[in-house]
Amino acid sequence: MTPFILEVDAIEVSSWVSRYLWPFFRIAGFLMVMPLIGSRLVPQRIRILLALLIAILVTPMLPPMPHTDGLSVETMVISAQQLLIGIAFAFMLEMLMQVMILAGQLIAMQTGLGMALTIDPGHGINVAVVAQWFLIFANLLFINLNGHLVALEIVIDSFYAIPVGFDGLSSDTLFKMVGYAQWMFASALVLSLPALTVMLVVNIAFGVMARLAPQLNIFAVGFPVTMMLGLVILWLSFTGFGDEFYELLQEMLQFMRSM
């Protein structure tokens, strides 16, 4: 009885590797930067294992991959291309989260709450407590609305719109991504505009009082009043942030689909 010998040549091994390797790179690039999962709160091993598991599950449903040599320059260029595509998709979601952080920073600076700083464990930087509160709220809404699943679905669908190869994102798409920086600042200003308007009126009132009663120390009286009024404004304006974030999320996911 002859023993069973499994013969596998280098071409078959290269096809197996390329079949799963390039989807893994694009998904890993996406998970490496996307909000919450791409932060420091999730270890790198968990992200790599999650990307590998997703790649193994979705690869049978993807179109055929190009066959190249394992150690060729073409393979390295295509791998880098897939990483950049995944990072580009996740970068747009991260830009959405920065809208909430900017809005919180603007409100905190105008209401006198900007002195209360805390360390953001996800990014390792000092941010205002209000901005950190907004970021936690946005992350919870993002998970509750299944935004991470929809974004992952968009990345998987991108293998049909942007096949694996040397052709990546078009120049028009890259220019639109850069233009969304303006959208980020404009959206943050719109979210914080009610609080900024009220604080502007309050500061004008304090200025009038300072002119009418010069002997009154406006700085000693106005600072605690501004801070307490800022907390009330923050409480009143925060009720509509959920709907605003939902609209911003829909707009961003629609742009990601157009990529």
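Let's start with Leu21, which is partly exposed, at a relative accessible area of 28%. On the cut-offs: buried is under 20% relative accessible area, exposed is over 50%, and partly exposed is in between, with a 1.4 Å probe and protein chains only. Leu21 sits in helix 1. Its C-alpha is 8.9 Å from that of Leu52, with the two positions 31 residues apart in sequence.

Quick housekeeping. This is a predicted model, so local features need pLDDT of at least 70 and side-chain atom pairs count only at pLDDT 80 or more, while totals for chains, interfaces and linings use all residues. Residues are numbered from 1 along each chain as its sequence is written, and side-chain values use heavy atoms, with hydrogens and water left out.

Okay, the overall picture. The protein chain has 8 helices and 2 strands. Those are DSSP runs numbered from the N terminus, H or I of at least four residues for helices and E of at least two for strands. Reading from the N terminus, the order is α-α-α-β-β-α-α-α-α-α. Of the 259 residues in the protein chain, 42% are buried. And if you take contacts (heavy atoms within 4.5 Å) between residues at least 6 apart in sequence, 81% of them join residues at least 24 apart.

Now helix 3, residues 73–111, and its partners. Its axis comes within 7 Å of the axis of helix 4, and the two cross at roughly 145°. Axes here are lines fitted to C-alpha atoms, for helices over the stretch in contact, and angles run from 0 to 180 degrees between N-to-C directions. The crossing of helix 3 and helix 4 is right-handed; that means the near helix is turned clockwise from the far one by less than a right angle, and anticlockwise would be left-handed. On the helix 3 side you have, among others, Leu93, Met97, Met100 and Gly104, and they meet a helix 4 set including Val130, Phe134, Ala138 and Phe142. By class, that contact has 14 nonpolar, 3 polar and no charged residues. For the classes, Ala, Val, Leu, Ile, Met, Phe, Trp, Tyr, Cys and Pro are nonpolar, Asp, Glu, Lys and Arg are charged, and the others, Gly among them, are polar.

What about helix 3 and helix 8? Helix 8 is residues 241–258, and the two axes come within 10 Å, crossing at roughly 155°. So helix 3 and helix 8 are roughly antiparallel, the cut-offs being under 35 degrees for roughly parallel, over 145 for roughly antiparallel, 65 to 115 for roughly perpendicular, and oblique for the rest. That crossing is right-handed as well. Helix 3 brings residues including Phe89, Met92, Leu96 and Val99, and helix 8 brings Phe245, Leu249, Leu253 and Met256, among others. The class count for helix 3 with helix 8 is 16 nonpolar, no polar and no charged.

Helix 8 also meets helix 6, residues 171–212: the axes come within 12 Å and cross at roughly 175°. That makes helix 6 and helix 8 roughly antiparallel. Lys176 and Trp183 are among the helix 6 residues in this contact, and Glu244 and Glu251 are among those from helix 8. Here the split is 8 nonpolar, 2 polar and 3 charged.

Back to helix 4, residues 129–144. Its 16 residues should span 22 Å at 1.5 Å a residue, and the end C-alpha atoms are indeed 22 Å apart; the expected span is 1.5 Å times one less than the number of residues. Its buried residues include Gln132, Leu135, Asn139 and Leu141.

Just after helix 4 comes Asn146, with a positive phi of about 60°. Why point that out? Because most residues other than glycine have a negative phi. Asn146 lies in the loop between helix 4 and helix 5, and it is partly exposed at 38% relative accessibility. Leu36 is another non-glycine with a positive phi, about 70°. Leu36 is in the loop between helix 1 and helix 2, partly exposed at 32%.

Last stop, helix 5, residues 147–161. The 15 residues should span 21 Å, and the ends are 20 Å apart, which agrees. Gly147, Ile154 and Phe159 are among its buried residues. Tyr160, also in helix 5, is partly exposed at 49%. Which residues does Tyr160 touch, leaving aside neighbours within four places in sequence? Met61, Leu62 and Pro63. Pro63 is 97 residues away along the chain, with 6.9 Å between its C-alpha and that of Tyr160.
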